[in-house]
Amino acid sequence: MRRTAGLWLLIGLGAYALLPWYMVAEGFWSFGWVADLGGGARSALLWSLGERAWLWLPLTGFAVAGAALALAREQLAVARGLVAGGALGLALLAGQGLVILGNGTRFGLMEGASQPGMGAGAFVVAAALLFILTTGISGLGRGRGDAFITGLIGAIIALVGVFVFYPMSFILIRAFELQGGAGLGVSEFLPRFFAPEIWSPACLTGQGYCGAALNSLLLGIATATSTTLLGLAFALIFTRTNFRAKRLLRVLTILPIITPPFVIGLALILLFGRSGTVTEFFADAFGWEKTRWLYGFWGVWLAQTLSFTPIAFLVLIGVVEGVSPSMEEASQTLDANRWQTFRFVSLPLMRPGLANAFLLGFIESLADFGNPLVLGGNFNVLSTEIYFAIVGTVADPAKAAILSLILLSLTLGAFLAQRKWLGKKNYATVTGKGDSGRHAALNPGLRWACYVIALPWAAFTLILYALIVFGSFVKLWGYDHSLTSEHYTRAFGIVFRDGIHFTGAAWDSYVTTITIAAIAAPLTAAVGLATAYLLVRQKFAGKDAFEFSTMLSFAIPGTVIGVAYVMAFNFPPIELTATGLILVIVFIFRNMPVGVRGGIAAMSQLDKSLDEASITLGANSATTLRRVILPLLGPAILAALTYSFVRAITSVSAVIFLVSARYNMATSFIVGRVENGEFGIAIAYATVLIFTMLIAILALQLVIGRRKLRRADRIEAH
């Protein structure tokens with residue numbers, strides 16, 4: 001404890017004396033400040049010697065912690081001193097940052113003071129104070145006395161607090177605004193929260209349209225059910241059959257997740273819209289009336305099922321693989337047939353994966369606004385209502401905030417239902433013992449049911465994406481099908497004259513997008529899987545609330561997240577707008593719940609005896625996590641990396657308000673082309689992104705490799 005706390009004390013003091021306290025002009029990642037420590041990139045020490053004496057305040061925490069390390073002899077006294085010093089330093093650092101802004105102060109304190117947003121120095125000092133605090137907490141016996149565990153919990157709580165709760169408070173507090181700008185209150189909140197137009201069940205009785213909340217709930221249940229069913233069917237084909245075209249099927253399974261916004265909706269319209277290819281064919285061949293069935297519940301459900309099935313598959317594939325063959329063999333030894341083995345042994349052990357896949361599908365459906373925006377018609381859902389409340393001709397932030405709270409209440413209900421269904425049963429099937437058995441093959445009826453469910457869907461996906469690629473090579477998709485490469489030339493043109501010149505209009509946004517996604521993906525996976533490790537392997541106070549808090553950023557529509565980030569990080573103490581860092585951060589905390597749920601599903605199958613054996617042999621928690629747990633989480637790591645990388649490229653709602661001239665994202669570029677009617681360039685750009693992401697995903701699969709749970713993954717003969 002003394003050594004760890006002393007190390008963080010030295011790191012904090014070094015950052016205070018050397019690193020720039022405020023954000024430098026070149027950006028957070030720039031090192032140009034090294035040559036300019038006496039200028040605009042001065043450290044807190046240099047600033048505090050001048051006109052900003054309040055920057056001495058964080059040193060109080062270091063002083064208290066240092067005194068405890070130097071003077072206290074008993075371990076308990078040292079731990080208490082570290083807790084007091086870390087907490088005091090963090091409180092003073094946060095207080096001076098929240099009170100003193102760039103152009104004035106808050107709460108009538110320290111009149112005349114001003115400062116820009118905090119930079120690298122403040123970040124490292126805050127981290128040092130936080131880990132001094134958590135080291136002291138471990139010294140008090142919390143977290144089994146393990147400084148790594150308490151530090152990990154503290155770091156994730158701090159990150160979620162700063163980058164989820166802090167920005168969302170700017171939006172959600174608006175829910176309690178009184179009309180006419182009369183301040184805050186609860187007198188108008190409940191009537192607006194339970195307004196009939198939001199919760200109306202009229203569509204169920206045939207008397208009109210349902211409210212946005214009920215529409216979202218019904219759509220979420222339908223989408224979660226279909227995506228979980230399809231994901232399970234694909235996972236069973238991969239792990240329990242000898243289907244020959246597994247590699248092609250895997251590519252088709254993940255294709256929809258790598259599709260940029262609006263492309264699936266546009267493709268469905270050109271196929272099944274009133275003047276679509278399939279609609280025209282059936283109208284001419286069978287005399288069927290052309291309808292607008294695609295615009296409404298069924299069209300949105302179809303698009304969402306296409307979009308979110310890969311998430312269910314990525315979560316379930318590792319869980320299905322993790323079921324121990326020895327348990328299935330034991331079942332058959334006791335005279336159970338294949339169907340009984342699957343129903344009473346295999347399927348119950350897959351319950352964590354099914355529950356997490358359903359929860360992710362439900363939340364994705366609630367938060368999705370791209371597909372309802374394109375295909376919704378008169379079918380209103382919460383996400384589109386929130387979007388129009390923010391960017392409509394008459395902005396109503398209070399309504400957007402109330403709708404966001406309704407959406408959160410639906411998410412909380414699904415979360416609690418999932419916890420109730422899983423219960424406290426043990427689903428561990430991966431132990432440290434050798435297991436060379438064979439997975440039980442599916443009985444013929446179930447095998448053909450999986451084929452009937454999955455293969456037509458894969459064929460439909462293949463046709464859809466063949467049309468998307470075809471649409472990038474025609475002059476005007478749906479009208480003029482003359483072949484041309486003009487769209488690719490305008491977007492990604494290269495001229496070889498006196499060197500290589502990238503003349504295409506899309507190159508800047510393409511390079512920026514790939515760079516930011518490559519930075520955000522591993523960080524997202526790390527935060528998500530670390531959170532899952534704490535939730536599955538550790539016990540601490542407030543664990544359930546902590547788990548739900550990690551889902552908040554996923555449940556709230558990206559538009560709301562983007563507006564919240566603009567409102568929170570456009571001024572000190574954390575000033576990030578118009579930087580690349582804010583894009584990285586929003587992707588990390590928007591997408592980390594997939595890593596969390598996938599990690600929970602996978603870790604639930606790992607017996608705790610693995611951890612106990614490692615610790616018994618002298619390894620600490622950090623070594624156990626690195627050497628024992630992570631190698632067994634291949635599918636969860638792949639799912640987290642794949643999803644976070646792809647979502648960083650294809651996300652539109654969360655970044656539409658955060659992009660800048662210097663950091664323009666691919667989705668923003670595509671939306672701009674769609675708004676200008678340049679569909680060819682938009683589809684060509686989307687096609688390039690699809691192939692880029694496909695190559696990246698295949699490369700990730702090669703790098704991570706396949707998880708080895710037994711000598712050979714064999715399937716019993718059919």
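A residue is called buried when its relative accessible area is under 20%, exposed when that area is over 50%, and partly exposed in between. The model on screen is a predicted one, and this tour applies those terms at several stops.

**First stop: a network of charged side chains**

Select Arg673. Its relative accessible area is 18%, which is under the 20% limit, so Arg673 counts as buried. Now add Glu678, whose side chain meets that of Arg673 in a salt bridge, with N and O 2.8 Å apart. Side chains of opposite charge can pair when their charged atoms come close.

Next, add Arg490. Glu678 also forms a salt bridge with Arg490, at 2.9 Å from N to O. Glu678 lies in the loop between helix H31 (666-675) and helix H32 (679-704), whereas Arg490 belongs to helix H22 (residues 486-492); the pair therefore ties together parts that are 188 residues apart in sequence. Arg490, with a relative accessible area of 40%, is partly exposed, and Glu678 is partly exposed at 23%. With these selections made, Arg490, Arg673 and Glu678 can be viewed together as a network of salt bridges.

**Second stop: helix H17**

Select residues 351-367, which make up helix H17. Is this helix largely enclosed or largely open? Of its 17 residues, 15 are buried, so H17 is largely enclosed by the rest of the structure. The end C-alpha atoms of H17 are 24 Å apart, in agreement with the 24 Å expected for 17 residues at 1.5 Å a residue.

Within this helix, pick out Glu364 and then select Arg647. The two form a salt bridge whose closest N and O atoms are 3.6 Å apart. Because Glu364 is in H17 and Arg647 is in helix H30 (residues 634-650), the pair ties together parts that are 283 residues apart in sequence. Both residues are buried. In the whole structure, a search finds four salt bridges.

**Third stop: the largest pocket**

Turn to the largest pocket, which has a volume of about 1300 Å³. To find its centre, select Phe123, Ala158, Leu159, Val162 and Phe163, the closest to that centre among the 38 lining residues. Helices that give two or more residues to the lining include H4 (75-99), H5 (120-139) and H23 (507-537). Helix H6 supplies the largest share, nine residues.

**Last stop: a nonpolar surface patch**

Finally, select Leu373, Phe388, Val391, Ile656 and Phe657. They form a nonpolar patch on the surface, with about 360 Å² of accessible area together. Phe388 is located in helix H19 (residues 382-391) and is partly exposed, at 44% relative accessible area.

Methods
Residues numbered from 1 in each chain as written. Predicted model: local features only at pLDDT ≥ 70, side-chain atom pairs only at ≥ 80, totals over all residues. Heavy atoms only, no water. Patch = residues over 30% accessible without salt bridge, like charges linked within 9 Å, V, L, I, M, F, W, Y side chains within 5 Å. Areas by Shrake-Rupley, 256 points an atom, 1.4 Å probe, with all protein chains shown as cover. Helix = DSSP H or I, 4+ residues; strand = E, 2+ residues; numbered from the N terminus. Buried < 20%, exposed > 50% of the residue type's maximum accessible area, 1.4 Å probe, protein only. Expected span 1.5 Å × (residues − 1). 1 Å grid on protein atoms, 1.4 Å probe; cavity = no way out; pocket = protein on both sides within 12 Å on 5 of 7 lines; lining within 4 Å. Points joined across faces, edges and corners; volume = space filled by probe spheres on them.
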